Amino acid sequence: MNKSITQFYVYPDGYADKMPISEFVWVRAQNGDITNKRVDELVKGDFYAERVPSPLPPRSADEILEFMAKWCLGIRYVRDPEFPGTEPIKIQVIDKNNLEICSYPYVNTKTCIRDAIEPIMDNEEL
């Protein structure tokens, strides 16, 4: 497929069901305008396409913390309720109202916060 051509699909057709629900896609309105929507916000009949990624610079820990402070984001560690006291199974990024923005598997203790926050920063910059 030619990378200069953007393939659009009509929801629920296409690949949206294979994407993370917090991923953003382009949606074409009836007037032809292109807007962004999260995958979990798509409704039947939406004309959507995968956003074309552009390379973004690596971020320092300070930049990630500044972004979290600017947007009042926090981290909630979620443990398996059947095994209290064990390692978390995922982390949730929460807003100032304590509502979940997204979640990310707790796999690598050294990078899990970066792994959860950087996609939000990427969507903010694109």
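This passage walks through the nonpolar cores, aromatic pairs, sheet and cysteines of a predicted model.

A good place to begin is the interior. Nonpolar side chains tend to be buried together in soluble globular proteins. In this model, the largest nonpolar core has 13 residues, and the members that touch the most others are Phe67, Leu73, Val93 and Ile117. Two or more residues of this core come from each of helix H1 (61–70), strand S6 (90–94) and helix H2 (112–125). Helix H2 supplies the largest share, with five residues. Phenylalanine 67 gives a handy view of the surroundings: beyond its neighbours within four places in sequence, Phe67 is in contact with Leu73, Ile117, Ile120, Met121 and Glu124. Another core, made of eight residues, lies apart from the one just described, and its members include Ala16, Met19, Val25 and Val27.

The aromatic rings come next. Seven aromatic pairs are found in the structure. In one of them, tyrosine 9 and tyrosine 48 have ring centres 5.9 Å apart and planes at 40°, so this pair is classed as tilted. The two partners come from distant parts of the chain, with tyrosine 9 in strand S1 (residues 9–10) and tyrosine 48 in strand S4 (residues 47–50), a separation of 39 residues. Their surroundings can be described as well: tyrosine 9 is partly exposed, because its relative accessible area is 27%, whereas tyrosine 48 counts as buried because its relative accessibility is 0%.

Tyrosine 48 also pairs with tyrosine 11, and here the arrangement is edge-to-face, with 6.2 Å from centre to centre and 70° between the planes. This pair, too, links distant parts of the chain: tyrosine 11 sits in the loop between S1 and strand S2 (24–28), and 37 residues separate it from tyrosine 48 in strand S4. With a relative accessible area of 23%, tyrosine 11 is partly exposed. Taken together, ring pairs join Tyr9, Tyr11, Tyr15 and Tyr48 into a cluster.

Attention now turns to a sheet. Strands S5, S6 and S7 make up an open sheet of three strands, in the order S5-S6-S7 and with antiparallel pairing. Strand S5 (74–78) and strand S7 (100–105) each have a single partner strand, so both stand at the edges with one side left without a neighbour in the sheet. On average, and with direction ignored, neighbouring strands of this sheet are turned by 25° against each other. Strands S6 and S7 run antiparallel and are joined by five bridges. Opposite isoleucine 94 stands glutamate 100 of S7. Strand S6 is also among the elements that give two or more residues to the largest core, and Val93 is one of the residues there that touch the most other members.

The cysteines complete the picture. The count of disulfides comes to zero. For cysteine 102, the closest cysteine sulfur is that of cysteine 112, and the two sulfurs are too far apart for a bond because 12 Å lies between them, while a disulfide calls for sulfur atoms within 2.5 Å. Cysteine 112 is accordingly in no disulfide, its nearest cysteine sulfur being that of cysteine 102. Both residues are nonetheless shielded by the cut-off of under 20% relative accessible area: cysteine 102 counts as buried at 10% relative accessibility, and cysteine 112 counts as buried at 3%.

Key: Residues are numbered from 1 along each chain as its sequence is written. This is a predicted model: local features need pLDDT of at least 70, side-chain atom pairs count only at pLDDT 80 or more; totals for chains, interfaces and linings use all residues. Side-chain values use heavy atoms; hydrogens and water are left out. Buried means under 20% relative accessible area, exposed over 50%, partly exposed in between (1.4 Å probe, protein chains only). A nonpolar core is a set of buried Ala, Val, Leu, Ile, Met, Phe, Trp, Tyr and Cys residues joined through side-chain atoms within 4.5 Å. Helices (H or I, at least four residues) and strands (E, at least two) are DSSP runs, numbered from the N terminus. Contact means heavy atoms within 4.5 Å. Rings of Phe, Tyr and Trp (its six-membered ring) pair if their centres lie within 6.5 Å; planes under 30 degrees apart count as stacked, over 60 as edge-to-face and the rest as tilted. Two strands pair if DSSP finds at least two bridges between them. Axes are lines fitted to C-alpha atoms, for helices over the stretch in contact, and angles run from 0 to 180 degrees between N-to-C directions.
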